[in-house]
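Student: I should like to learn how to read a protein model feature by feature. May we work through one together?

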Amino acid sequence: MTEDDVVDLHDEELLTIGAFAARARLSAKALRLYDRLGLLAPAHVDEVSGYRYYHADQIERARLVALLRQLDMPLARIAEVVEAPDGAAAADRLDAYWADVEARFAGQRTLAEYLRGRLSGRSSEMYGKFVVETVDVPEQVLITETRHVLAGELPAWIGASLGRLEEGARECGGITAAPFVVYHSDVSMESDGPAESCVPVADEAAARAWVEKQGRTRETKVRVEPAQRLAYTRITKAQVAHPQILAAFEAVEEWIPKQGLWQAGPCREVYFADWDTAGAEDPVCDVAFPVR
């Protein structure tokens with residue numbers, strides 16, 4: 001390092017961007033990018049020349065940002081890590097990010113296995129793992145909440161919306177049957193439904209009064225669903241995850257015409273067990289289609 005690499009500004013020794021880049025083992029281009037992204041601002045920028053200067057104690061942060069970017073960490077998550085109040089908090093935020101990454105990779109691995117089965121013509125083997133039956137369901141008064149939602153948002157919305165409806169059911173004579181979610185159109189990473197969360201309740205008049213109090217903020221309403229027959233297969237908590245649940249839906253769809261039946265309405269997921277206390281292999285959900 002030469003004297004030209006260090007400047008003395010207000011009794012502070014600052015490194016030029018070239019000297020700082022060399023010590024941080026990064027390029028000047030990378031440092032300019034980190035500045036633009038708000039991840040590592042220079043300690044001083046000369047108003048006339050525009051030259052950037054850095055403190056030596058910024059080197060560790062620069063190296064950390066570079067390493068986190070190698071994990072494909074989004075900029076917002078990098079900012080959370082580097083702005084953590086201490087090392088333990090930063091490590092916790094890294095752990096949380098990496099848990100999300102591993103969960104995503106696990107889902108993608110399962111999706112690849114599912115697609116491999118379809119592409120290799122082994123779909124019938126997958127469908128054979130599901131037992132499909134029919135059940136007759138009586139007329140039901142429902143309080144519902146409808147939302148356009150993408151697949152990535154779906155699990156959180158289902159839990160939250162059913163929780164709100166189950167709370168409201170206390171004012172509607174109580175819950176009379178298992179809550180369920182109806183898919184009025186495809187829900188995927190590209191298609192947003194809509195989906196409708198439904199809770200059967202005892203008192204239609206009380207339900208209409210409760211919905212009136214909610215206003216229109218969450219598209220809450222009351223509807224009476226007529227008696228109908230459902231073709232369904234029962235799945236475990238682990239199988240509810242995407243894409244395992246797709247195979248369950250397709251197994252029921254394949255079974256219906258073989259029995260001389262027709263689909264008579266949109267598909268649904270009926271949640272009959274306590275999700276929070278259920279284990280991965282416990283039955284929690286019926287994947288179903290109305291049929292005639």
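Student: Which residue follows helix 1, and what is the sign of its phi?

Tutor: A general point comes first: most residues other than glycine have a negative phi, and most peptide bonds are trans. Please also keep in mind that this model is predicted. Here, helix 1 is followed by Arg-25, which has a positive phi, near 60°. Within helix 1 itself (residues 17–24), the buried residues are Ile-17, Ala-19, Phe-20, Ala-21 and Ala-24.

Student: What is the phi of Asp-72, and is Asp-72 buried or exposed?

Tutor: Asp-72 is not a glycine, yet its phi is positive, at about 60°. The residue sits in the loop joining helix 3 (59–70) to helix 4 (75–82). Asp-72 counts as exposed because its relative accessibility is 64%, and the cut-off for that class is over 50%.

Student: Where is Glu-219 found, and what is its phi?

Tutor: Glu-219 belongs to the loop between helix 8 and strand 9. Its phi is near 50°, again a positive value in a residue other than glycine. With a relative accessible area of 48%, Glu-219 is classed as partly exposed.

Student: Which form, cis or trans, does the peptide bond from Gly-193 to Pro-194 take?

Tutor: That bond is cis, with omega near 20°. Pro-194 lies in the loop that runs between strand 7 and strand 8.

Student: How should I read the sheet, and in what order do its strands lie?

Tutor: One useful idea is that in a regular strand the side chains alternate between the two faces of the sheet. In this model, 8 strands make up an open sheet with antiparallel pairing, in the order 5-10-12-11-7-8-6-9. Strand 5 (132–137) and strand 9 (220–225) are at the edges with a single partner strand each, so one side of each has no neighbour in the sheet. From one strand to the next, the twist averages 30°.

Student: Over how many bridges does strand 6 pair with strand 8, and over how many with strand 9?

Tutor: Strand 6 pairs with strand 8 over 7 bridges and with strand 9 over 6 bridges, in the antiparallel sense in each case. Val-141 has Val-201 in strand 8 as its bridge partner, while Leu-142 stands opposite Arg-223 in strand 9. Strand 6 is mostly covered, with 7 of its 8 residues buried. Towards the other edge, strand 5 and strand 10 pair over 6 bridges, also in the antiparallel sense, and Thr-134 stands opposite Ala-231 in strand 10.

Student: Which strands does helix 7 lie across, and which does helix 10 lie across?

Tutor: Helix 7 lies across strands 6, 7, 8, 9 and 11, running at about 25° to strand 8. Helix 10 lies across strands 5, 10, 11 and 12, and it runs at about 35° to strand 12.

Student: How many residues does the largest nonpolar core have?

Tutor: In soluble globular proteins, nonpolar side chains tend to be buried together. The largest nonpolar core here has 43 residues, and those with the most contacts inside it are Ile-143, Leu-154, Ile-158, Tyr-183, Val-201 and Ile-235. Among the elements that each supply at least two residues of this core are strand 6, helix 7, strand 8 and helix 10. The largest share, 7 residues, comes from helix 10. There is also a second, separate core of 27 residues, which includes Tyr-34, Leu-39, Ala-84 and Ala-90.

Student: Is Pro-200 buried or exposed, and with which residues is it in contact?

Tutor: Pro-200, in strand 8 (residues 195–201), is buried, with a relative accessible area of 0%. Leaving aside neighbours within four places in sequence, its contacts include Gln-140, Val-141 and Leu-142, as well as Gly-174 and Phe-180.

Student: How much space lies in the largest pocket, and which residues lie nearest its centre?

Tutor: Rolling a probe the size of a water molecule over the atoms shows where empty space is left. The largest pocket holds about 1500 Å³ of space. Its lining has 38 residues, and Ala-151, Leu-154, Pro-155, Val-240 and His-242 lie nearest the centre. Helix 7 gives the largest share of this lining, 7 residues. Leu-154 thus appears both here and among the residues with the most contacts inside the largest nonpolar core.

Methods: Residues numbered from 1 in each chain as written. Predicted model: local features only at pLDDT ≥ 70, side-chain atom pairs only at ≥ 80, totals over all residues. Heavy atoms only, no water. Helix = DSSP H or I, 4+ residues; strand = E, 2+ residues; numbered from the N terminus. Buried < 20%, exposed > 50% of the residue type's maximum accessible area, 1.4 Å probe, protein only. Contact = heavy atoms within 4.5 Å. Core = buried A, V, L, I, M, F, W, Y, C linked by side-chain atoms within 4.5 Å. Pairing = 2+ DSSP bridges. Axes fitted to C-alpha atoms, helices over the stretch in contact; angles between N-to-C directions. 1 Å grid on protein atoms, 1.4 Å probe; cavity = no way out; pocket = protein on both sides within 12 Å on 5 of 7 lines; lining within 4 Å. Points joined across faces, edges and corners; volume = space filled by probe spheres on them.
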